[in-house]
Amino acid sequence: MLTFLFVDEDPRSLAALRRLVRDLPGGKRFARCVEEALALVREEAPCVVVTGDLLPDGDGLALLEQVRARHPRTACALHAVRPPLARDITWMDRAAAPSEVHALLRTLGTGSATHPA
């Protein structure tokens, strides 16, 4: 089953993402830090992980690298102001319009993402 994991320290950002993705197929899980996110990943491997870049107990890129090391087929996206240096991590521009973010998430869910939002 398709599962999305969203990670951000800001509860308002998580609430906005929750509203934005409610119509996407599959389960959605939410975490506010690296430790919580990794616990959820151990419970169930997500198909898509989207994280902010700054988390209270680490950085989002390091989290995505840990997820990718355990689950190489998981689509990973950094929801940040600047694109990540890692080429295999999708960039979701924090300033992108919600419709662009939604379209990218839909694409990530189908496994065919190639362009950042």
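A contact here means heavy atoms within 4.5 Å. Keep that in mind as we walk through this predicted model: among contacts between residues at least 6 apart in sequence, 54% join residues at least 24 apart.

**Stop 1: the whole chain**

Start with everything shown as a cartoon. You should find four helices and seven strands, and from the N terminus on they follow the order β-α-β-α-β-β-β-α-β-β-α. Along its principal axes, the C-alpha trace spans about 30 × 30 × 30 Å. A compact globule of 117 residues would have a radius of gyration near 13 Å, and the 12 Å of this chain agrees with that. Now switch on a surface: the chain exposes about 6400 Å², with carbon and sulfur atoms supplying 54% of it. Of the 117 residues, 44% count as buried.

**Stop 2: the sheet**

Hide the surface and select the strands β2, β1, β3, β6 and β7. In that order these five form an open sheet with parallel pairing. Which strands stand at the edges? They are β2 (27–31) and β7 (90–93); each has a single partner strand, so one side of each is left without a neighbour in the sheet. Look along the sheet and you can follow its twist, which averages 20° from one strand to the next.

Next, zoom in on the pairings, beginning with β1 (residues 3–7) and β3 (residues 48–52), which run parallel and are joined by four bridges. Select valine 7 and you will find its bridge partner in β3, threonine 51. Stay on threonine 51, because it takes you onward: it stands opposite leucine 78 in β6. Five bridges join β3 to β6, again in parallel.

**Stop 3: strand β6**

Select β6 (75–80). Is this strand enclosed or open to the outside? Six of its six residues are buried, so β6 is largely enclosed by the rest of the structure. Colour the two faces separately to see the cover: Ala75, Ala77 and His79 are buried on one side, and Cys76, Leu78 and Ala80 on the other. From here, step across to β7, which pairs with β6 in the parallel sense over four bridges. Alanine 80 has aspartate 93 in β7 as its bridge partner.

**Stop 4: helices across the sheet**

Bring the helices back. Helix α2 (residues 34–43) lies across β1 and β2, and runs at about 150° to β2. Helix α4 (residues 98–110) lies across β1, β3, β6 and β7, running at about 160° to β7.

**Stop 5: valine 21**

Select valine 21, in helix α1 (residues 11–21). With 1% relative accessibility, it counts as buried. Show its surroundings: leaving aside neighbours within four places in sequence, valine 21 is in contact with Phe6, Lys28 and Leu105. For a sense of distance, draw a line from its C-alpha atom to that of aspartate 59; the two are 38 residues apart along the chain and separated by 23 Å.

**Stop 6: arginine 68**

Finish in helix α3 (residues 60–70), where arginine 68 has its place. Does this arginine count as buried or exposed? At 18% relative accessibility, arginine 68 counts as buried, since the cut-off for buried is under 20%. Not counting residues up to four places away in sequence, arginine 68 touches Thr74, Ala75, Cys76, Asp88 and Ile89. One last line to draw: C-alpha to C-alpha, arginine 68 and valine 101 are 21 Å apart in space, and 33 residues apart in sequence.

Terms used
Residues numbered from 1 in each chain as written. Predicted model: local features only at pLDDT ≥ 70, side-chain atom pairs only at ≥ 80, totals over all residues. Heavy atoms only, no water. Buried < 20%, exposed > 50% of the residue type's maximum accessible area, 1.4 Å probe, protein only. Pairing = 2+ DSSP bridges. Axes fitted to C-alpha atoms, helices over the stretch in contact; angles between N-to-C directions. Rg over C-alpha atoms; globule rule 2.2 N^0.38 Å. Areas by Shrake-Rupley, 256 points an atom, 1.4 Å probe, with all protein chains shown as cover.
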